[in-house]
Amino acid sequence: MQALELTAIPCLSDNYAWLLRDPATGTVAIVDPGEAEPVEKVLAARGHGLDLILITHHHGDHVAGVAALKAAHGAAVLGPAADSHRLPGLDRGLKDGDRIAVGNATAVVIDTPGHTRGHISFYFAGDALLLCGDTLFSLGCGRLLEGTAEEMYASLRRFAVLPPDTRVACGHEYTLSNGRFALSVDPGNAALKARMAEVEADRAAGVPTLPALLGDEMAANPFLRAPDVATLAKLRAAKDDFR
Ligand code: ZN
Ligand code: FE
């Protein structure tokens, strides 16, 4: 049963912090606050407090708002145990398979290295919701900054087995540029063309292209569709050079 309220809060130039609220208990969590101010504005407008801060990985554009939000609300900070030495104000380190609660909703932690070594994702099965930071993007995947193509491939395979109606809440609004690359490598893909039409309409209307549906990504995202590590590595290298 889907219960969590989900809101994308734009931060910095193209990040999203994801606001989660369980209406039954009033518990509020923010995922990857790259800035405090836009999050504070939404909380104030809705009259909400903040109970939890969830972190997928250590990059500044995902954690720069953590200290101020924690200080203002006394929220508990949860993030990858592997990055405990480089996460601000971490209260609880998380490992693969750990469970966390946002009110009555429960997420399982999935280790998803590749973009960074310690990257984790949060999967709320009961809410058909995946918060995957910079591992999977709509029509793309994260850069291999610390990890390997092998790791990224394994991480994407962990998403590929989730139900197709899973909503994918990514860390960045990269969908349009990802889609241009995707079309360059898979120009005949009808699902990709359909998704791109939707994405162009969303961006023209100034609304987020996220969350995406995992089933759509399985059909359209070349990185999720890569049959092996070598293909994924080649795609990732080509995307790094794509203009
Ligand atoms: Zn990152
Ligand atoms: Fe990022």
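**Figure 1. Zinc site of the predicted model, with four protein donors around the zinc ion (ligand 1).** The donor atoms come from His57 (NE2), His59 (ND1), His115 (NE2) and Asp134 (OD), and they lie 2.2 to 2.3 Å from the zinc ion. Along the chain, the donors of the zinc ion follow the spacing H-x1-H-x55-H-x18-D. The pair of histidine 59 and histidine 115 links distant parts of the chain, the two residues being 56 residues apart. Histidine 59 sits in the loop between β4 (52-54) and α2 (60-63), while histidine 115 sits in the loop between β8 (105-111) and β9 (120-124). Both of these histidines are buried. The angles among the four donor atoms run from 87 to 173°, and the site is irregular.

**Figure 2. Iron site, with four protein donors around the iron ion (ligand 2).** Asp61 (OD), His62 (NE2), Asp134 (OD) and His172 (NE2) are the protein donors, at 2.1 to 2.3 Å from the iron ion. This site is also classed as irregular, with angles of 82 to 173° among its four donor atoms. The donor residues of the iron ion have the sequence spacing D-H-x71-D-x37-H. Distant parts of the chain are linked here by aspartate 61 in helix α2 and histidine 172 in the loop between β13 (167-170) and α5, which are 111 residues apart. Aspartate 61 is partly exposed, with a relative accessible area of 21%, whereas histidine 172 is buried, with a relative accessible area of 3%.

**Figure 3. Aspartate 134 between the two metal ions.** Aspartate 134 coordinates both the zinc ion (ligand 1) and the iron ion (ligand 2). The two ions that this residue bridges lie 3.1 Å apart.

**Figure 4. Cysteines 132, 141 and 170, shown in a structure with zero disulfides.** A disulfide is a covalent bond between the sulfur atoms of two cysteines. A search of the whole structure finds none. For cysteine 141, the nearest cysteine sulfur belongs to cysteine 132 and is 11 Å away. Cysteine 141 is buried, with a relative accessible area of 4%. The sulfur of cysteine 170 also has that of cysteine 132 as its closest cysteine sulfur, but the distance of 4.3 Å is too far for a bond. Cysteine 170 counts as buried, at 1% relative accessibility.

**Figure 5. Buried residues of helix α5 (residues 175-185).** Thr175, Asn178, Gly179, Phe181 and Ala182 are the buried residues of this helix. They are on the same side of α5, because they cover an arc of only 165° around the axis. An α-helix has 3.6 residues a turn, so residues three or four places apart point the same way. The buried residues of α5 pack against β11 (136-137), β12 (140-141), α6 (190-204), α8 (222-225) and α9 (229-241).

**Figure 6. Helix α6, with its buried residues and two exposed alanines.** Helix α6 has 15 residues. From its first C-alpha to its last, α6 reaches 21 Å, close to the 21 Å expected at 1.5 Å a residue. Its buried residues are Leu192, Arg195, Met196, Val199 and Asp202. Seen down the axis of α6, these residues fall within an arc of 120°, so they line one face of the helix. Ala190 and Ala204, on the other side of α6, are exposed. The packing partners of the buried residues of α6 are α5, β14 (212-213) and α7 (214-220).

**Figure 7. Surroundings of glycine 93 in strand β6 (residues 92-94).** At 36% relative accessibility, glycine 93 counts as partly exposed. Its C-alpha is 5.4 Å from that of glycine 79, a residue 14 residues apart from it in sequence. Not counting residues up to four places away in sequence, glycine 93 touches Gly79, Ala81 and Asp98.

**Figure 8. Surroundings of leucine 156 in helix α4 (residues 149-160).** Leucine 156 counts as buried, at 0% relative accessibility. Leaving aside its neighbours within four places in sequence, leucine 156 is in contact with Thr135, Leu136, Cys141, Phe223, Leu224 and Leu232. Phenylalanine 223 is 67 residues apart from leucine 156 along the chain, and their C-alpha atoms are separated by 8.1 Å.

Terms used
Residues numbered from 1 in each chain as written. Chains lettered and ligands numbered in written order. Predicted model: local features only at pLDDT ≥ 70, side-chain atom pairs only at ≥ 80, totals over all residues. Heavy atoms only, no water. Donors = N, O, S within 2.8 Å, 3.2 Å for Na, K, Ca; no water. Tetrahedral: all angles 85-135°; square planar, octahedral: opposite > 155°, others 65-115°. Helix = DSSP H or I, 4+ residues; strand = E, 2+ residues; numbered from the N terminus. Buried < 20%, exposed > 50% of the residue type's maximum accessible area, 1.4 Å probe, protein only. Disulfide = S-S within 2.5 Å. Arc of directions from axis to C-beta. Contact = heavy atoms within 4.5 Å. Expected span 1.5 Å × (residues − 1).
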